[in-house]
Amino acid sequence: MFYSGRDPTPEERVQLDIKTPEQVEGMRAACRLARATLETAGKSVAPGVTTDEIDRIAHEFIVDHGAYPSPLGYCGFPKAVCTSVNEIIGHGIPDSRPLSEGDFLNIDVTVYLNGYHGDTSCMFFAGPPSKRAAKLCKATRKAMLAGIEVCGPGVDFREVGRAITASAEEDGCTVHPSLVGHGIGSYFHGRPEILPYVNDDDWGVMQPNMTFTVEPALVDAPDRTCEVDAEDLWTMCTMTKALGAQFEHTILITDHGMEILTGPCIDYTGMAPSPVKAAKKRRKGFQ
Ligand code: MF3
Ligand code: CO
Ligand code: CO
């Protein structure tokens, strides 16, 4: 289903975008830069640092590499990246509040380089995280990877939501329905929608040289409600203020499987429960 509440028509389904080899190379470059930006921005995360400062670092890095931060001005979004702290599930706007010890946040980077968008996000910790936050982040990363692992030529798009949901349920978490993956290319958001939950949307099957994002958001309570901040019209959380986490990669369907264009996907899942280890890994973040 689209956000508008209707299913894709057969015509829309067959219009899914298959990239040419040249376009695939463009996607590779944009995704590499998105990944490098995310790492650079993540290194600045620490108690006392503001999300405005993280935004500035990411913005500068992107521009220095000849690209443009896709979110800036997108549907009126005012900053270069999204920073979603603690109970914010997504689309958080960087601001002047310094991060506190124990805060955790998603940084979502999208760059527009030479005509192509690359989109990726992961979670970072300002100081040692609570066990609850660490567990949620670990579960969310695992769910994203489960969704990515099923991807390949000939696979029905609905498999992604099934795999993500099975993984999240195993960890006692809820897949939040408000954030979904999307086709990406010379456009930021396009067909198909990559729904992270069990669904009946018929987009057909994945084909070589398609590119799309897998980006599940999980909450650690059975709460699928969504409140969008009435003033900024972007910031999303649940009504119970459950903690939220999200991970995102842009992937390419290849002849025999898939490739994580914004990867590699590093395994930092040994981070919990030791606060000392976690503090060390906080510098790197984990994806
Ligand atoms: N990067 C987000 C995504 O993964 C989109 C953010 S829209 C913005 O699709 F306007 F907030 F940037
Ligand atoms: Co994103
Ligand atoms: Co995205």
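This report walks through the metal sites, strands, nonpolar cores and aromatic pairs of the structure above. Keep in mind that this is a predicted model.

## The two cobalt ions

Let us start with the metals. Asp 119 bridges the cobalt ion (ligand 2) and the cobalt ion (ligand 3), which lie 3.3 Å apart. The table sets the two sites side by side.

| Site | Protein donors | Donor distances | Angles among six donor atoms | Sequence spacing |
|---|---|---|---|---|
| cobalt ion (ligand 2) | Asp 108 (OD), Asp 108 (OD), Asp 119 (OD), Glu 248 (OE) | 2.1 to 2.4 Å | 58 to 163° | D-x10-D-x128-E |
| cobalt ion (ligand 3) | Asp 119 (OD), His 182 (NE2), Glu 215 (OE), Glu 248 (OE) | 2.0 to 2.2 Å | 52 to 162° | D-x62-H-x32-E-x32-E |

For reference, ideal octahedral geometry with six donors has angles of 90 or 180 degrees. The site of the cobalt ion (ligand 2) is irregular, with angles of 58 to 163°. The site of the cobalt ion (ligand 3) is irregular as well, its six donor atoms giving angles of 52 to 162°.

Which parts of the chain do Asp 108 and Glu 248 tie together at the cobalt ion (ligand 2)? Asp 108 sits in strand E3, while Glu 248 belongs to the loop between strand E12 (244-246) and E13, so this pair joins parts that are 140 residues apart in sequence. At the cobalt ion (ligand 3), Glu 248 is paired with His 182 of strand E6 (residues 181-183), and these two are 66 residues apart.

Are these donor residues buried or exposed? Asp 108 has a relative accessible area of 11% and is buried. His 182 is buried too, at 5%. Glu 248 has 0% relative accessibility and also counts as buried.

## Strands around the sites

Strand E3, the home of Asp 108, has a neighbour in E2: the two pair in the antiparallel sense over four bridges. Cys 82 is the residue that stands opposite Asp 108. E2 is covered on both faces, with Cys 82 and Ser 84 buried on one side and Thr 83 and Val 85 buried on the other. In a regular strand, side chains alternate between the two faces of the sheet.

Strand E12 takes part in an open sheet of three strands, ordered E5-E9-E12 with antiparallel pairing. Strand E5 (174-175) and E12 are its edge strands, each pairing on one side only. E12 is joined to strand E9 (residues 217-219) by three bridges. Within that pairing, Leu 218 has Ala 245 in E12 as its bridge partner.

## Nonpolar cores

Which residues touch the most other members of the largest nonpolar core? They are Ile 107, Phe 212 and Val 214, in a core of 62 residues. Elements giving two or more residues to this core include helix H2 (21-43), helix H3 (51-64), strand E3 (104-113), strand E4 (116-125) and strand E13 (249-253).

Ile 107 has a long list of contacts once residues up to four places away in sequence are set aside. Among them are Leu 38, Val 45, Ile 54, Val 81 and Phe 124, together with Cys 82, Thr 120, Ser 121 and Cys 122. Cys 82 therefore appears twice in this account, as a contact of Ile 107 and as the residue opposite Asp 108.

Another core, of six residues, lies apart from the largest one, and its members include Ile 89, Leu 179, Val 219 and Met 236.

## Aromatic pairs

How many aromatic pairs does a search of the whole structure find? The search finds three. In one of them, Phe 77 and Trp 234 have ring centres 5.0 Å apart and planes at 90°, so the pair is edge-to-face. Phe 77 lies in the loop between strand E1 (68-69) and strand E2 (82-85), and Trp 234 in the loop between strand E10 (227-228) and strand E11 (236-237), 157 residues apart. Both residues are buried.

Phe 157 and Phe 212 form another edge-to-face pair, 5.6 Å centre to centre with 70° between the planes. Phe 157 is in the loop between helix H4 (131-149) and helix H5 (158-170), and Phe 212 is in strand E8 (residues 211-214), so the pair ties together parts 55 residues apart in sequence. Phe 157 and Phe 212 are both buried.

Definitions and conventions
Residues are numbered from 1 along each chain as its sequence is written. Chains are lettered from A and ligands numbered from 1 in the order in which they are written. This is a predicted model: local features need pLDDT of at least 70, side-chain atom pairs count only at pLDDT 80 or more; totals for chains, interfaces and linings use all residues. Side-chain values use heavy atoms; hydrogens and water are left out. Rings of Phe, Tyr and Trp (its six-membered ring) pair if their centres lie within 6.5 Å; planes under 30 degrees apart count as stacked, over 60 as edge-to-face and the rest as tilted. Buried means under 20% relative accessible area, exposed over 50%, partly exposed in between (1.4 Å probe, protein chains only). A nonpolar core is a set of buried Ala, Val, Leu, Ile, Met, Phe, Trp, Tyr and Cys residues joined through side-chain atoms within 4.5 Å. Contact means heavy atoms within 4.5 Å. Donors are N, O and S atoms within 2.8 Å of the metal (3.2 Å for Na, K and Ca); water is not among the atoms, so sites may look incomplete. Four donors count as tetrahedral if all angles lie between 85 and 135 degrees; four count as square planar and six as octahedral if opposite donors are over 155 degrees apart and all others between 65 and 115; anything else is irregular. Two strands pair if DSSP finds at least two bridges between them.
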